[in-house]
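Reader: I'd like to learn how to read a protein model feature by feature. Could you walk me through this one, please?

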Amino acid sequence: MSTMAAERFIPEREPKRLLEVTDRLLATLRRGGADLSQLGIPSPTNEDGELDLWEDVSVPQANARALAWKNSMKAADHDDYLKWRFADLDDYQRPQALGAWLDSIVEAKRRKARPSTMNFIASGNIGSGKTTAVAALGNEAANRGLLVRFVQHSTYLTWRRPDGGPDGLSRFEIRRRHVEDPDLLILDELCGEMDGMQTEFVRRETTDLVGSRLASGRPTVYSTNLKRDGITAVLGERLLSRIEDRAYLAKIVGPDRRAPRKPLDW
């Protein structure tokens with residue numbers, strides 16, 4: 001090879017054989033949180049030429065779960081909630097109850113059992129810090145290795161309509177992402193902006209979400225500023241009773257954090 005040809009030779013840019021797995025490709029996949037064991041990528045060989053299992057599978061899996069949580073918060077325009085932890089909450093936001101319930105579902109997952117308390121309902125007045133509290137729960141759960149997703153009830157219903165999904169996601173993909181996959185789903189603002197609105201679509205989709213997650217033993221968090229009668233008017237007594245069954249109710253009653261310190265002079 002001539003000196004000029006050698007200077008132009010850059011291994012990373014040279015053509016590769018079809019389906020060849022390079023070190024650069026592996027590094028890119030790891031950074032992206034890919035589970036190498038699930039992608040059909042051959043395991044590396046040791047010095048004796050024997051195959052070794054991927055030893056770092058848990059690392060990219062954990063990265064992928066953490067990224068799923070962050071992306072769901074960004075999709076809800078709640079990036080600023082990613083900083084909250086239980087230690088940051090006020091007592092009336094029930095950090096101890098949230099922590100104890102999280103411990104129970106983490107232990108249930110470890111034992112591959114169904115949690116004794118399937119649902120956590122955070123109810124309270126507008127601006128009391130319910131979303132902050134359940135976001136802190138999601139942050140803590142994601143840090144402990146659970147696959148957690150956050151979505152507002154009205155947003156999920158919009159995404160489930162034909163061509164309503166973001167980024168070209170199909171209705172099937174939206175359902176799998178929020179109903180089938182997450183170890184923990186946080187459904188914010190249950191029946192928000194739906195006061196008294198009874199439609200077959202809302203009840204059918206919510207019944208599917210609630211029933212499917214209960215049947216698979218996957219816990220769900222619900223936050224709402226509506227009273228029980230307001231939720232019943234939208235979802236019906238039968239569906240609400242399924243949510244309440246084996247649920248923990250935490251009433252978050254505090255000052256309106258959104259109200260201005262001084263009343264506006266209109």
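Author: Gladly! Let's begin with salt bridges: the term covers a side-chain nitrogen of Lys or Arg within 4 Å of a carboxyl oxygen of Asp or Glu. Before we apply it, note that this is a predicted model, where local features need pLDDT of at least 70 and side-chain atom pairs count only at pLDDT 80 or more, while totals for chains, interfaces and linings use all residues. Residues are numbered from 1 along each chain as its sequence is written, and side-chain values use heavy atoms, with hydrogens and water left out.

Reader: How many salt bridges does that rule give?

Author: The general idea is that side chains of opposite charge can pair when their charged atoms come close. Here the count is 13 salt bridges. One of them joins R175 and E180, with N and O 2.6 Å apart.

Reader: Are R175 and E180 buried or exposed, and what are the limits?

Author: Buried means under 20% relative accessible area, exposed over 50%, and partly exposed in between, using a 1.4 Å probe and protein chains only. R175, at 17%, is buried, whereas E180, at 33%, is partly exposed.

Reader: Which salt bridges link distant parts of the chain?

Author: D103 with R144 is one case, their closest N and O atoms lying 2.6 Å apart. D103 sits in helix α4 (residues 95–110) and R144 in the loop between α5 and β2 (148–152), 41 residues apart. Such helices (H or I, at least four residues) and strands (E, at least two) are DSSP runs, numbered from the N terminus. D103 is partly exposed at 41%, and R144 is partly exposed at 42%.

D183 and R218 make another salt bridge, with a closest N to O distance of 3.7 Å. This pair spans 35 residues, from the loop between α7 (171–180) and β3 (184–188) to the loop between α8 (200–215) and β4 (220–224). D183 is buried at 15%, while R218 is partly exposed at 25%. Salt bridges with shared partners also connect R160, R171, E200, R204 and E205 in one network.

Reader: What should I check on a helix such as α5?

Author: Try its span, expected to be 1.5 Å times one less than the number of residues. For the 14 residues of α5 (130–143) that gives 20 Å, and the end C-alpha atoms are indeed 20 Å apart. Because 13 of its 14 residues are buried, α5 is largely enclosed by the rest of the structure. Just after α5, G145 has a positive phi of about 95°.

Reader: In what order do the strands of the sheet lie?

Author: In general, strands pair through backbone hydrogen bonds, either parallel or antiparallel. Two strands count as paired if DSSP finds at least two bridges between them. Five strands make an open sheet here, ordered β2-β3-β4-β1-β5, with parallel pairing. At its edges are β2 and β5 (247–252), each paired on one side only. β2 and β3 share five bridges, and R149 is opposite L185 in β3.

Reader: At what angle do α9 and α10 cross?

Author: Axes are lines fitted to C-alpha atoms, for helices over the stretch in contact, and angles run from 0 to 180 degrees between N-to-C directions. Contact means heavy atoms within 4.5 Å. The axes of α9 (228–235) and α10 (237–244) come within 7 Å and cross at roughly 120°. The two helices are therefore oblique, since angles under 35 degrees count as roughly parallel, over 145 as roughly antiparallel, 65 to 115 as roughly perpendicular and the rest as oblique.
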